[in-house]
Amino acid sequence: MKFVMTQAVCPEGMQLLDGIADVYVADNQDPNNYLDEMRDAAALIVRIAKCDANAIENSPKLKVIGRTGVGYDSVDVKKATELGIPVVITPGANNRSVAEHAVAMIFALSKNLIEAQNEMCKGNWEIRGAKKAFELEGKTVGILGLGAIGRETAKICKGCGMRIAAYDPFMTKEQVEGYGAKYYEDYVELLKDSDVVSIHVPLTDQTRNMICRL
C-alpha cells in the first residue's frame, strides 16, 4: 500500500506510518505535479495544498484523502464523492496551535511589529515614535465562530485581559455567554464594537466574502 503526502507531518505522525505503507513525500503543494506517483497511491495526505478534480481522476487506486486540519475546502469533495473516495479531516489536532497563532497575530498588530521590524532594519529608529502600538488589556476581541478553535482563542485573549464578543449562528445566547463572551446575533454589529476581530469559520458558500469591502 502506498501513501502520498504533499508535505511531511510531525515526526510522531511519520512514525505511525512506519511499516504500514510505502510513503512518498512530495514536498509539493500540487498533486498534478507528480501524477506518476499518484497513479498507484491508495491514500493522499494533504497539508497546505490543493487536490483538484484532475488529480483525483488520475489516481485510479485512491481509497481515501486525508487533510491535517479541520477545513476541507482545498479538496474537490464533489469529485471525490462521485468516485466514492471519502475525504477525512483531523478535528482537534491543531486547535491550540491555530489559536496561539491567531493570538500571536493579534499581538503583532497591536504592537505594529511588522512595520517596526522592517523600518528598523532600514535604520529608521524613529519608527518608535509612530504611535501605532496599543495595549490589548481592556480591548474587545470579536470572535467570529465560537467552535473549538474560536473558544481556545477567546480563552487566551481573556487571559490577556481582553473583553470577548462572539458571533456563532449555531449557538444560543446562553451557550455563548456560558463561555464568558458577549453574544451578538448580528456579526456586523460585532464588527462595529470590536477593536480586534479573529475569524474562525469554515469556508463555505455561506461564509465566503463574510468580510469584504462594501
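Two residues are in contact when heavy atoms of each lie within 4.5 Å. In this predicted model, contacts between residues at least 6 apart in sequence were examined along the protein chain. Of these, 41% join residues at least 24 apart.

The protein chain has nine helices and nine strands. Its C-alpha trace spans about 55 × 50 × 35 Å along the principal axes. The radius of gyration is 21 Å, whereas a compact globule of 214 residues would have a value near 17 Å. Of the 214 residues, 36% count as buried.

An open sheet is built from five strands. Their order is 2-1-3-4-5, and the pairing is parallel. Strand 2 (22-25) and strand 5 (87-88) form the edges, each pairing on one side only. Within this order, strand 3 (residues 43-46) and strand 4 (residues 64-67) are joined by four bridges in the parallel sense. Valine 46 stands opposite arginine 67 of strand 4. Strands of a sheet pair through backbone hydrogen bonds, in either a parallel or an antiparallel sense.

Threonine 6 was examined next. This residue lies in the loop that runs between strand 1 (2-5) and helix 1 (11-16). Buried residues have a relative accessible area under 20%. Threonine 6 has a value of 0%, so it counts as buried. The side chain of threonine 6 makes two polar approaches. One is a polar contact with the side chain of glutamine 7, at 2.8 Å. In the other, the side chain of threonine 6 reaches the backbone nitrogen of arginine 47 at 3.0 Å. Arginine 47 also appears among the residues that threonine 6 touches, once residues up to four places away in sequence are set aside. Leu44, Ile45 and Val46 are included in that list. So are Ala26, Asp27 and Asn28, together with Pro31, Tyr34 and Ala49.

Attention then turned to helix 7 and the strands around it. Helix 7 (residues 148-159) has 12 residues. At 1.5 Å a residue, the helix should span 16 Å. Its end C-alpha atoms are 17 Å apart, which agrees with that expectation. The buried residues of helix 7 are Ile149, Gly150, Glu152, Thr153, Ala154, Ile156 and Cys157. In an α-helix there are 3.6 residues a turn, so residues three or four places apart point the same way. The cover over the buried residues of helix 7 includes helix 5 (95-110) and strand 6 (140-144). Strand 7 (163-167) and strand 9 (196-199) also contribute to this cover. Just after helix 7, glycine 161 takes a positive phi of about 85°.

Strand 7 has five residues, and four of them are buried, so this strand is largely enclosed by the rest of the structure. Strand 7 pairs with strand 6 in the parallel sense over five bridges. Glycine 142 has alanine 165 of strand 7 as its bridge partner. Strand 7 also pairs with strand 8 (residues 182-183), again in the parallel sense, over two bridges. Here the bridge partner of alanine 165 is lysine 182 in strand 8. Alanine 165 is thus bridged to glycine 142 and to lysine 182.

The connections between these strands were also assigned a hand. Strand 6, helix 7 and strand 7 make a right-handed β-α-β unit. From strand 7, the chain crosses through helix 8 (residues 173-178) to strand 8, and this β-α-β crossover is right-handed.

Definitions and conventions. Residues are numbered from 1 along each chain as its sequence is written. This is a predicted model: local features need pLDDT of at least 70, side-chain atom pairs count only at pLDDT 80 or more; totals for chains, interfaces and linings use all residues. Side-chain values use heavy atoms; hydrogens and water are left out. Two strands pair if DSSP finds at least two bridges between them. Buried means under 20% relative accessible area, exposed over 50%, partly exposed in between (1.4 Å probe, protein chains only). A polar contact is a pair of N or O atoms within 3.5 Å; within protein, one must be able to donate a hydrogen and the other to accept it, and residues adjacent in sequence count only if both atoms are side-chain atoms. The expected span of a helix is 1.5 Å times one less than its number of residues. A crossover is right-handed if, with the strands pointing away from the viewer, the path from the first strand over the helix to the second runs clockwise. The radius of gyration is taken over C-alpha atoms; the globule rule is 2.2 Å times the number of residues to the power 0.38.
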